[in-house]
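Work through the exercises below with the model open beside you. Try each task before reading its solution.

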Amino acid sequence: MSDRLDILEEVSFRKRSQSSKYGNLREQFLPLADSFPWDPSNFRFLGSPIDGVQFEDDRIILVEFKAANSQLSQLQRHIRDLVSNGNVGFEVIRIS
């Protein structure tokens, strides 16, 4: 019985892993969809902890793609809150 449970757990793990990989790949192409509201050439894919950054003339937008009823992760909610509270900066680091 234990071997059967191990196999079922392995299959379940592989299915979740494959689904996650497919989702990550799909997210890289979403800016090319007709429903993407901005110029896709100004989008930069990050992948984690958010999907990407959209650069517009008048603002910079952090973008997270979600399917169906997917929720933001705890880290993504924290990032959203930091942005909402104005805790976003720009730094220049000079290397000699």
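**Exercise 1.** Find how much space lies in the largest pocket, and state which residues lie nearest its centre.

*Solution.* Start with the volume. The largest pocket of this predicted model holds about 340 Å³ of space. A pocket here is an open set of points on a 1 Å grid over the protein atoms alone, where a 1.4 Å probe fits, with protein on both sides within 12 Å along at least five of seven lines. The volume is the space filled by probe spheres set on the points, which are joined across faces, edges and corners.

Next, take the lining (residues with an atom within 4 Å of a point). It has 14 residues. Nearest the centre lie Ile50, Leu62, Ile79, Arg80 and Val83.

Then sort the lining by class. Nine residues are nonpolar, three polar and two charged. Nonpolar covers Ala, Val, Leu, Ile, Met, Phe, Trp, Tyr, Cys and Pro; charged covers Asp, Glu, Lys and Arg; the others, Gly among them, are polar.

Last, ask which element gives the most to the lining. It is α2, with five residues. Both β3 (60-63) and α2 (74-84) supply at least two.

**Exercise 2.** Give the order of the elements from the N terminus on.

*Solution.* Count first: there are two helices and three strands. These are DSSP runs, numbered from the N terminus: helices are H or I, at least four residues, and strands are E, at least two. The order reads α-β-β-β-α.

**Exercise 3.** Trace the aromatic pairs, and state which residues they link into a cluster.

*Solution.* The whole structure has four aromatic pairs. Rings of Phe, Tyr and Trp (its six-membered ring) pair if their centres lie within 6.5 Å; planes under 30 degrees apart are stacked, over 60 edge-to-face, the rest tilted.

Take Phe36 and Phe65. Their ring centres are 6.3 Å apart and their planes at 50°, so this pair is tilted. Phe36 sits in the loop between α1 (2-29) and β1 (43-45), Phe65 in the loop between β3 and α2, 29 residues apart.

Now check burial (buried is under 20% relative accessible area, exposed over 50%, partly exposed in between; 1.4 Å probe, protein chains only). Phe36 is buried at 10%. Phe65 is buried at 14%.

Move to Phe43 and Phe65. Their centres are 5.9 Å apart with planes at 50°, so this pair is tilted. Phe43 lies in β1, so the pair ties together parts 22 residues apart in sequence.

Finally, join the pairs: the cluster is Phe36, Trp38, Phe43 and Phe65.

**Notes.** Residues are numbered from 1 along each chain as its sequence is written. In this predicted model, local features need pLDDT of at least 70 and side-chain atom pairs 80 or more, totals for chains, interfaces and linings use all residues, and side-chain values use heavy atoms, without hydrogens and water.
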